[in-house]
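Trainee: Could you take me through the aromatic pairing in this model? I would like a close look, residue by residue.

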Amino acid sequence: MTTLPSAPIQDGRIAAYPAGAPVSKDAGQAGRLSRVGGLGAGLAKWVAQLALTLFGLLLVTFLIGRVVPVDPAVALLGDRASAAAHAAARARLGLDQPLWQQFLTFAKEVVQGNLGTSILTGQPVLQDIWNFLPATLELATTATLIGVVVGIPAGVLAAANHGRATDHILRVFMIVGYSVPVFWLGIVGLIIFYAKLDWVAGPGRVDILYQFLPSATGIVLIDALLARDWDFFADALSHLILPAGILGYYSASIIGRITRSSVINEWHQDYILTARLKGLSHRRVLWKHAFRNALLPVITTATLSYGYLLEGAVLTETVFAWPGLGLYMTQSLFSADLPAVLGATFVIGLFFIILNITADLLYRLADPRVK
């Protein structure tokens with residue numbers, strides 16, 4: 001085995017090895033072990049951060065249940081029950097235990113998949129969430145796709161025409177989208193496109209004719225495609241297009257605004273000037289260089305927008321009688337159904353954690369320099 005000789009010292013500095021100097025096999029193996037060790041340390045750090053985030057989510061959800069002025073025993077039995085019945089119910093629910101012990105019990109139950117029993121439906125909260133979640137996923141996913149497909153080109157087009165009429169028109173379009181209340185747009189949309197013009201179907205997810213058809217996935221568009229029932233598909237799409245379009249407009253406004261700002265910021269960098277001086281076309285410089293380097297804020301905005309649509313579509317689902325998680329939470333709040341509210345809150349928090357992990361992975365795909 002040939003080893004690398006000690007490097008000479010010149011003027012207090014270590015001189016560089018001459019080109020072509022043989023490298024020790026032990027040095028190469030040490031480098032590989034160092035990379036593996038670094039990967040392991042990074043993975044351990046990521047797992048620790050994930051565990052800490054989940055712990056924080058459990059703690060915040062538990063504290064919400066203890067801060068709100070709702071007595072679970074009264075919500076369960078009603079205010080006409082005797083004090084002894086309320087005390088027995090509190091003991092059965094574990095509310096007479098110390099706070100730290102209540103939290104440990106709550107965390108253990110959640111980890112085991114037990115989110116409690118809904119006072120409103122009398123069913124396990126996890127089962128209720130499983131029944132209502134597909135409708136919200138269908139609505140939020142469709143709206144986010146609309147937001148990405150419309151918002152990104154609109155933002156890039158506005159940036160490419162910075163200061164011109166096109167830019168001003170698109171900016172007004174975006175400002176209206178994220179400034180006007182979504183539920184108000186929903187009401188106006190129902191009045192115009194459903195009541196007056198009859199272009200779309202009304203509130204609800206499907207007409208009563210299709211409500212009791214067997215469901216394979218819980219997402220009616222996919223179920224209709226799997227069944228090859230085109231009338232069913234057209235009816236479901238007609239109900240979906242208005243609420244998804246309104247939420248998609250809101251999402252497109254936010255994504256477009258961030259895209260415009262990011263692309264304008266990149267457009268004034270030196271590498272853009274270099275690319276233009278090389279004779280590259282305006283479109284190539286705009287999309288391949290400026291937009292590509294402005295992509296990270298856009299990814300962050302799109303993923304967070306998707307999460308906000310999962311939790312923030314409460315009023316929209318109420319206006320359109322959309323049987324999703326938002327409507328379930330609204331009805332649970334009005335009924336003081338604390339287990340259902342906390343269970344839905346925890347599930348939405350989990351979605352945000354998953355979306356943050358997804359954003360991190362997309363960062364690495366969009367920009368290999370991100371480690």
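Mentor: What follows is a walk through the aromatic pairs, then a neighbouring topic or two. Keep in mind that this is a predicted model.

Start with the count. There are 9 aromatic pairs. Take F62 and F106 as one of them. Their ring centres are 5.8 Å apart, and the planes meet at 45°. That angle is neither under 30 degrees nor over 60, so the pair is classed as tilted.

Now place the two rings. F62 sits in helix α1, which covers residues 25-67, while F106 sits in helix α4, which covers residues 99-111. The partners are 44 residues apart in sequence, so the pair ties together separate parts of the chain. How accessible is F62? Its relative accessibility is 2%. The cut-off for buried is under 20%, so F62 counts as buried.

The pair also belongs to a wider group. F55, F62, F103 and F106 make up one aromatic cluster.

Stay with helix α4 for a moment, since Q102 is found there too. Q102 has 8% relative accessibility, so this residue also counts as buried. Leaving aside residues up to four places away in sequence, Q102 touches F62, R66, G94, L95 and Q97. F62 is thus a ring partner of F106 and a contact of Q102.

Next, a pair within one helix. W287 and F291 both lie in helix α11, residues 282-293. They are 4 residues apart, about one turn of the helix. Which geometry do the rings of W287 and F291 adopt? The centres are 5.2 Å apart and the planes stand at 65°, so the pair is edge-to-face. Accessibility separates the two partners. W287 is partly exposed, at 36% relative accessibility. F291 is buried, at 13%.

Last, a pocket. The second largest pocket has a volume of about 490 Å³. Its lining holds 19 residues. Nearest its centre lie N131, R205, S215, G218 and V220. Two or more lining residues come from each of α5 (125-160) and α8 (220-227). Helix α5 gives the largest share, 5 residues. By class, the lining splits into 11 nonpolar, 6 polar and 2 charged residues.

To recap the rings: F62 and F106 form a tilted pair, and W287 and F291 form an edge-to-face one.

Conventions:
Residues are numbered from 1 along each chain as its sequence is written. This is a predicted model: local features need pLDDT of at least 70, side-chain atom pairs count only at pLDDT 80 or more; totals for chains, interfaces and linings use all residues. Side-chain values use heavy atoms; hydrogens and water are left out. Rings of Phe, Tyr and Trp (its six-membered ring) pair if their centres lie within 6.5 Å; planes under 30 degrees apart count as stacked, over 60 as edge-to-face and the rest as tilted. Buried means under 20% relative accessible area, exposed over 50%, partly exposed in between (1.4 Å probe, protein chains only). On a 1 Å grid over the protein atoms alone, a cavity is a set of points where a 1.4 Å probe fits but cannot get out, and a pocket is an open set with protein on both sides within 12 Å along at least five of seven lines; lining residues have an atom within 4 Å of a point. Grid points are joined across faces, edges and corners, and a volume is the space filled by probe spheres set on the points. Ala, Val, Leu, Ile, Met, Phe, Trp, Tyr, Cys and Pro count as nonpolar, Asp, Glu, Lys and Arg as charged, and the others, Gly among them, as polar. Contact means heavy atoms within 4.5 Å.
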